[in-house]
Amino acid sequence: MTLAARMAYAWRTMTARDRRRSSLCWLCPAVAIFLAGWSASACGGPTAGTAHDPKLAFRLKTTDGRTLGPLDYPGKVVVVDFWATWCAPCRIQAQILEPVSRDLQGHGVQFLAADMGEPEDTVRGFLKENPFPYPVLLDSDGKISDDLGITALPTLLVIDKRGGLRYLQPGLTDGDTVKKIIREAGS
């Protein structure tokens with residue numbers, strides 16, 4: 001599915017309330033397209049391969065009542081997709097990540113989705129219609145995303161096998177780039 005088709009699908013599936021909340025997000029697709037191309041070059045940027053950062057040791061409640069975070073998956077590459085239910089580009093990113101997570105299942109990679117700044121009941125309601133194939137974390141107060149400096153959605157975070165930050169970029173990231181980053185992170 002092309003990026004344009006994914007964006008059209010995301011817009012069609014949004015409720016009127018979602019559209020109002022994301023009216024400022026019309027700039028997001030253009031920025032996201034720019035960042036998707038730029039993010040491939042950022043993979044080896046200054047954050048890649050850095051030593052373990054205490055900020056990456058976060059744990060959050062999940063929609064199924066557990067408490068999880070990157071350190072719960074030692075020796076694995078951890079991919080965290082920061083998103084929100086009202087964010088149309090986030091829906092596109094989720095569609096990109098789903099087949100990647102399926103293809104890499106059992107290959108030393110764990111995917112997590114971290115909803116940013118929304119009440120649990122809002123997220124649960126969204127997930128009834130749009131389930132994720134991996135755990136969904138709840139950053140309802142936005143503290144973790146603030147600590148990590150996340151100011152735009154979607155934002156993809158990749159932590160390497162040693163617990164170091166490998167990738168942290170806002171905007172859409174295509175499947176091939178995600179797979180490349182995961183390989184470089186030690187999967």
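This passage describes the sheet, the helices packed on it, and the disulfide with its surroundings in a predicted model.

We can begin with the sheet. Five strands make up an open sheet, and reading across it gives the order β5-β4-β3-β6-β7, with mixed pairing. The edges are taken by β5 (136–139) and β7 (165–170), each of which pairs on one side only. On average, neighbouring strands of this sheet are turned by 20° against each other, direction ignored. As a general reminder, strands of a sheet pair through backbone hydrogen bonds, either parallel or antiparallel. In the case of β6 (residues 155–159) and β7, the sense is antiparallel, and the pairing runs over five bridges. Within this pair, Thr155 is found opposite Pro170 of β7.

Two helices can then be placed on this framework. Helix α7, spanning residues 175–184, packs on the sheet and touches β3, β4, β6 and β7. The direction of α7 makes about 160° with that of β7. Helix α4, covering residues 88–103, lies across β3 (77–83), β4 (109–116) and β6. Relative to β3, helix α4 runs at about 160°.

The disulfide comes next. A search of the whole structure returns one such link, and the partners are Cys87 and Cys90, whose sulfur atoms are 2.4 Å apart. This pair counts as a disulfide because the sulfur atoms lie within 2.5 Å. The Cys87–Cys90 link is right-handed, with 80° about the S-S bond. For the bench reader, a disulfide is a covalent bond between the sulfur atoms of two cysteines. Are these cysteines buried or exposed? Cys87 has a relative accessible area of 0% and is therefore buried. Cys90 is buried too, with a value of 3%.

A residue from another part of the chain also meets this pair. Leu153 sits in the loop between α6 (143–147) and β6, and leaving aside residues up to four places away in sequence, Leu153 touches both Cys87 and Cys90. The other residues touched by Leu153 are Phe82, Trp83, Ala84, Trp86 and Met116. Leu153 and Ala84 are 69 residues apart in sequence, yet their C-alpha atoms are 7.4 Å apart in space. Leu153 has a relative accessible area of 12%, so this loop residue is classed as buried, the cut-off being under 20%.

Taken together, the loop residue Leu153 contacts both cysteines of the disulfide, and Leu153, like the two cysteines, is buried.

Methods
Residues are numbered from 1 along each chain as its sequence is written. This is a predicted model: local features need pLDDT of at least 70, side-chain atom pairs count only at pLDDT 80 or more; totals for chains, interfaces and linings use all residues. Side-chain values use heavy atoms; hydrogens and water are left out. Buried means under 20% relative accessible area, exposed over 50%, partly exposed in between (1.4 Å probe, protein chains only). Two strands pair if DSSP finds at least two bridges between them. Helices (H or I, at least four residues) and strands (E, at least two) are DSSP runs, numbered from the N terminus. Axes are lines fitted to C-alpha atoms, for helices over the stretch in contact, and angles run from 0 to 180 degrees between N-to-C directions. Contact means heavy atoms within 4.5 Å.
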